[in-house]
Amino acid sequence: MARYTPAEIEARWQEAWSRDEIFKAVRTADKPKYYVLEMFPYPSGRIHMGHVRNYTMGDVIARYKLATGHNVLHPMGWDAFGMPAENAAMAIGGHPKDWTYGNIKDMRDQMKPLGLSIDWSREFATCDPEYYGQQQALFLDFLEAGLVYRKNAQVNWDPVDMTVLANEQVIDGKGWRSGAEVERRELTQWFFKISDMAGELKDALDGLENWPAKVRLMQENWIGESRGIEIPFQRTDGDGTILCYSTRPDTMRGASFIAVSPDHPVSKALEGSNPELTAFIEDCRKMDTTEAAMEKAEKKGIDTGLRVKHPVYEGVELPVWIGNFVLMDYGTGAVFGCPAHDQRDLDFARKYDLPVRNAFYMPGDETEVGTEALVPAKTEKVVYIDHFTGITEATSQQGIDATIDYFEANNRGTGQTKYRLRDWGLSRQRYWGCPIPVVHCDACGVVPEKKENLPIELPYDVSFDVPGNPLDRHPTWRDVACPACGKPAKRETDTMDTFVDSSWYFARFTAPDAKTPTDIEDAAYWMNVDQYIGGIEHAILHLLYSRYFARAMRITGHLPQGTEEPFDALFTQGMVTHEIYQTRDEKGRAVYHLPEDVTDGKLADGTEVEIIPSAKMSKSKKNVVDPVNIISAYGADTARWFVLSDSPPERDVEWTAAGAEAAFKHLTRVWNLCDRIGAMDKTAKGEGDQDLLRAMHGCIHDVTIGIESFGFNAAIAKLYAFTATLQKSKASHAAQREAVMTLAQLMSPMTPHLAEDIWAHQGGDGLIATAPWPKADEAMLVSDTVTLPIQVNGKRRAEITVPADMPKEEVEKAALADQAVIRTLDGASPKKIIVVPGRIVNVVV
RNA sequence: GCCCGCGUGGUGGAAUGGUAGACACAGGAGACUUAAAAUCUCCAGGCAGCAAUGCCGUGCCGGUUCGAGUCCGGCCGCGGGUACCA
């Protein structure tokens, strides 16, 4: 008997696919198109199991769609700009470009043995000048269309390394390399005006029916639409007004202070006038720029000494404070504090001894607020105290609406819909990114580069021995003639956020060699992405930016109408996790060990390891399994089968050596099965042909539904069961051959090489990859009897098998006649009998 | 802090509001074998019981329902995101 030898089989079929170019995507009118895309990888140098899982899922969909008669586009590329390349250059020398392209080559070599149905002719990396040059062209068009602008924004500044730090590089407020206390610094930076589209980006979420509800909800909350009011508060010193934004103007009776951001013009004007205040503002500048750090930090403030008039109550004055919790980017950078009805304001008021005054009570309970703010749901009725609009008992929402109406009618404020979403800052003070194609000229100001000069390529001759952006220090790259006046000028040295690169790559795949960012006809044919697959960690930023970019590209004529939402369906898959093996060194510090060095909980020298529950595979914890090792030990089909089999795709999957071994054993069983059927007596009469074919059609039905609904693990469970049925079958050769060929087809999206081999063994026509997907015969799926569980008061007590079409009354009778039911009822007469046809009977007493 | 998600046997997990634990791993028993490996067959949530069977059981507390792992409210734990990681 021959043996299952994946190494040999897999190489052979991969060659056959590539020879016939069956995965090459060509526009055609005779088939419906299908664009399946997995989020492209960052070229770190090694593929990991997360990649294998992601690309295998996409491959299952792509191969299934190919078999169901679609013209499939399934491309692959590299998200190749980013910090790690510069970090590597600093740590080990070398050049980010060489490091990146070397990694791409390595990863492509590791990926190809997986047998993915990718059209490799469309491959590109975002660091290819052909790609980022087109990105620069997009930028210039966005600039012309008013979609990009410059403004000041804060960055993390490392005063020792004299460089801008990413949030990730700030650890406990200190620079990761220098250890210096990080400061905030203001720089002029480029921004995409995404906030202009906030309302549309929010409203369009409703149309994304094939996106996970959780992602739509996260995006909606992120955009954060709120209806409120802007109210100018008159300064008592006569020096104008302070404009506050509030979503709870109905609580204005309880207002006891105004808080402005440390970056607010009022704060800036006062800075330097008073040492205490100056020190406070400086202290605020030492905070991380992250939202999490701001929110978790202790709420602090300082009285500016300024006072404003209460907009409604004559003679009431409110102190103006600077609060470290007020964001300049949200609303107007100034709020009024109402301690009674906001917990943060209450904590602040108690800390600084500011008045706490209720604006309303709950009906029938006139207790003043103590340590807990009174914040009922906006739909709940409250009793307003002495409200200037005259309302008394009303819901908070009614109170808010009435207040806004009152202020607008009296010209004292304007109702505003605001969004939490901020404009997208794209400037990065780094080398390894797409250069922003503008020039700074003393005479002309900011001048866009001419399109014929694109791409503005990164210079290769840079060094990373000193921190900071080497483009700033480059002797010649910076110096250019102004594109407008021709006089000496300086090129912008900031590069673009890598999220820009990944916000339109899906469109570029439709025409990767076009001399413009896209080819409108190719885009019209291939867009939208029918199925997008990637990690949940991208639920907000990457997906929101891509949605914005599709709109901006549509406005600037780079995408056709109807592509505003570029991803018709989205699937977010879970991570691949593994146990962590740890020992301690003599100082008690954790030492991690690779899974291949641990057997039965022990190292080679017998030392016991501590086992820490599964976590996302990461190099630092050494809980990584290299797909390359798995493929060389068991073959790609085993790796593919395992990552799909054990967990629902949206959840994390734990990699276990035993699981991989089991997957391999199963594939061997299937291969042996094919071998046995091939050797059968072709003329002998068999037994149970009908039963086998019935099971086969059931399997076709279940697996098809499983694949279409991303229930890969459930589909695989059905395939296990059907394999067991086939193994035990005594049916004729013809029936068994049909069954094993169908089994191969149903497995082919998951284990394409093994499936091809079985297909060829059994004399199938052509390649299984292009054979039409089997269809379940409906007549074979229905059964004439049905087994119903019988509950008494919701507890299962018995089951009966009855004809499938038995009328309800007969089913009731049959249920009540059952011995176990009679015993349980013990003479009691049923009050009600619920018969759910084909499902269950519940007898209620 | 805030937003989102998840929590089911020894383990990964299955279950359109309708028999909780499919399928698989690990485990146990047996067959084959001189033996082992491989392969095959069977058993298997917990407690009690020879068994029939009974009781308990989907993180915790409460609710809706004839019926809740599933829906609702409140907690606890873990994970993702938090705008310069990708």
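Let me start with the fold of chain A. Take the contacts with a sequence separation of 6 or more: 71% of them join residues 24 or more positions apart. Keep in mind that this is a predicted model.

Now the overall frame. Chain A has 845 residues, and 53% of them count as buried. There are 26 helices and 34 strands. The C-alpha trace spans about 105 × 85 × 65 Å along its principal axes. The chain exposes about 38,000 Å², and carbon and sulfur atoms supply 49% of that area.

Next, the inside. Which residues have the most contacts within the largest nonpolar core? They are Tyr505 and Phe549, in a core of 158 residues. Helix 2, residues 49–67, gives this core its largest share, with 10 residues. Apart from it lies another core, of 30 residues. Cys284, Leu306, Val308 and Ala334 are among its members.

Look at Phe549 more closely. Set aside its neighbours within four places in sequence. Phe549 then contacts Leu138, Phe142 and Phe192, and also Trp424, Val500, Ser503 and Trp504.

Let me pick one more residue inside the protein: Thr126. Where is it found? Thr126 is in the loop between helix 4 (96–111) and helix 5 (129–144). Is Thr126 buried or exposed? Its relative accessible area is 0%, so Thr126 is buried. The side chain of Thr126 reaches the backbone nitrogen of Ala80 at 2.8 Å. Leaving out residues up to four places away in sequence, Thr126 touches Phe40, Trp78, Asp79, Ala80 and Phe81. Tyr131, Tyr132 and Asp501 are also among the residues that Thr126 touches.

On to the RNA. There are 63 residues around RNA strand B. Which come nearest? Asn167, Asn221, Glu291, Arg430 and Asn842. Of the atoms of RNA strand B that come within 4 Å of the protein, 61% belong to sugar and phosphate. By class, the surface near the strand has 24 nonpolar, 16 polar and 23 charged residues.

Three polar side chains to look at here. For Gln189, a polar side-chain atom lies 3.1 Å from a base nitrogen of RNA strand B. For Arg796, a polar side-chain atom lies 2.7 Å from a base oxygen of RNA strand B. For Ser647, an N or O atom of the side chain is 3.2 Å from a sugar or linking oxygen of RNA strand B.

To recap two points. Phe549 is one of the two residues with the most contacts inside the largest core. And sugar and phosphate make up 61% of the RNA strand B atoms within 4 Å of the protein.

Note on methods: Residues numbered from 1 in each chain as written. Chains lettered and ligands numbered in written order. Predicted model: local features only at pLDDT ≥ 70, side-chain atom pairs only at ≥ 80, totals over all residues. Heavy atoms only, no water. Core = buried A, V, L, I, M, F, W, Y, C linked by side-chain atoms within 4.5 Å. Buried < 20%, exposed > 50% of the residue type's maximum accessible area, 1.4 Å probe, protein only. Helix = DSSP H or I, 4+ residues; strand = E, 2+ residues; numbered from the N terminus. Contact = heavy atoms within 4.5 Å. Near = heavy atom within 4 Å. Polar contact = N/O pair within 3.5 Å; in protein donor to acceptor, adjacent residues only side chain to side chain. Nonpolar A, V, L, I, M, F, W, Y, C, P; charged D, E, K, R; others polar. Areas by Shrake-Rupley, 256 points an atom, 1.4 Å probe, with all protein chains shown as cover.
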